[in-house]
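Work through the three exercises below. Each has a task, then a solution in steps.

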Amino acid sequence: MSGEDLLREALELIRRSAEPDAPSAPDGPDKPGEPDRPAVPGEDARWPRRIVMAPGALEAAAAHAEERGYGRILLVADANTRVAAGRRLEQFLANRGIRAETVLVAANEAGDVAADEASVVQVLIERQKMKAEALAAVGGGTLHDIARYAAFTCGIPFVSVPTAPSVDGFTSGVAPLILRGRKVTVPAAAPEAVFADPDVLVRAPSRLIAAGFGDMLGKYTSLFDWRFGFLSGGEPYSPAAADLTERALRTCVAHADGIGRGTEEGILALMRALFASGLAMLLFGQSHPASGAEHHLSHWWEMEFLRRGRRQALHGAKVGVACAIVADYYRSVPEERVRAAAGERADEVLRLLGNLPSGEELRGLLRTAGGPAAPDELGIEPELIEGGLRQAHLVRPHRRTLLNALRRLNVDEVKD
Ligand SMILES: [Zn+2]
């Protein structure tokens, strides 16, 4: 179970669903929007057409740019990712007579590269200066979010070159941005193609690899919350997207040890699982498969850290730790409360709850994969856990998670 079949199947599902006579994905408030004009005339920019994860992927990215006829391309990187892959990609592009420049996105006051308005404008200005015909993100999730939104804004194509298996959002068609200190998710461009070089991925810092594992582990609670939202009413559901995500999660858990030891097999299995999870979101058209209360808690911490001017922990590291907290919290809710929140199909919800791993099991998996497991390892104090469990649902007030349903129950009881 190395994830190869999984990734192939995910791409096939996407391809089929993109055919003109395919049933359309459910509509919703956060369905990824389409760019004002298609990135390539006659094609929509919602799906990556190719995912190349093989030796020579950087060279393949340059060949892709040539096939597409791009004369000028702007790489979006930071100092580390430029060394990891950006310089070589610049060279491969130059060899083909393509003008390639790199914008190194500057860190914010706290010292983090953030997907905020300043970073987006920095990329837009560089793009205007060189009149780039395409953008390539070379790096992790944050650089991708900056590049995908900038590309979407200019109506030009976007190519993904991940340098670490650190998040499941590489193929995403939406960008979570920080706007005036608040997290907003906005329509953006999905990459037209993805090029991941295994040599680059295995050399990624272990904390980034562990973060990718944490983002995947979060699917335990996101899949539970999605099913809960569907069973208790209100949320759309797709068995195909749920199945894809669940198999990606299982692939990842089966390779926890190899991921922790940094074996090539483990890291490539993780990357395929992350791609599959991202594609499941594209297939469904919304983030339900991969994002539940654990993501809301992580986003809430992120905003608190921003407010306090503190350096951020990695997205996936927060999600993994949050997943263990949410799992323990859900398992501790008295049965009658769960029944009150779940309504008619409470038996099914309780059965699912019984299958949720304990926080201790989840923390064990996080440690096996070499990541932080306890909140204090991320600087998250008890006060931030309690505050988060009370308020995290407000990050996404209309998404029905068990956490959200329990909070609403409390509000209704106070009103009565
Ligand atoms: Zn995530």
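Helices, H or I, are DSSP runs of at least four residues, and strands, E, are runs of at least two, numbered from the N terminus. The model is predicted.

**Exercise 1.** Place lysine 131, give its phi, and decide whether lysine 131 is buried or exposed.

Solution.
- Start with location: lysine 131 sits in the loop between helix 4 (117-130) and strand 4 (134-139).
- Next, the backbone: phi of lysine 131 is near 55 degrees, a positive value in a residue other than glycine.
- Set that against the background: most residues other than glycine have a negative phi.
- Now count: exposed means 12 or fewer other C-beta atoms within 10 Å.
- Lysine 131 has 10 C-beta neighbours inside 10 Å, so lysine 131 is exposed.

**Exercise 2.** Repeat the analysis for arginine 180.

Solution.
- Arginine 180 lies in the loop between strand 6 (174-179) and strand 7 (182-187).
- Phi of arginine 180 is near 45 degrees, again positive in a residue other than glycine.
- Arginine 180 counts as exposed because it has 7 C-beta neighbours inside 10 Å.

**Exercise 3.** Check the span of helix 8 (residues 219-231), then describe its burial and what follows it.

Solution.
- Take the expected span: 1.5 Å times one less than the number of residues.
- For the 13 residues of helix 8 this gives 18 Å.
- The end C-alpha atoms of helix 8 are 18 Å apart, which agrees.
- Turn to burial: twelve of the 13 residues of helix 8 are buried.
- Among them are Tyr220, Phe224, Trp226 and Leu231.
- Finish past the end: glycine 233 follows helix 8, with a positive phi near 110 degrees.

Notes: Residues are numbered from 1 along each chain as its sequence is written. This is a predicted model: local features need pLDDT of at least 70, side-chain atom pairs count only at pLDDT 80 or more; totals for chains, interfaces and linings use all residues. A residue is buried if 20 or more other C-beta atoms lie within 10 Å of its own, exposed if 12 or fewer, and partly exposed in between; C-beta atoms are placed from the backbone.
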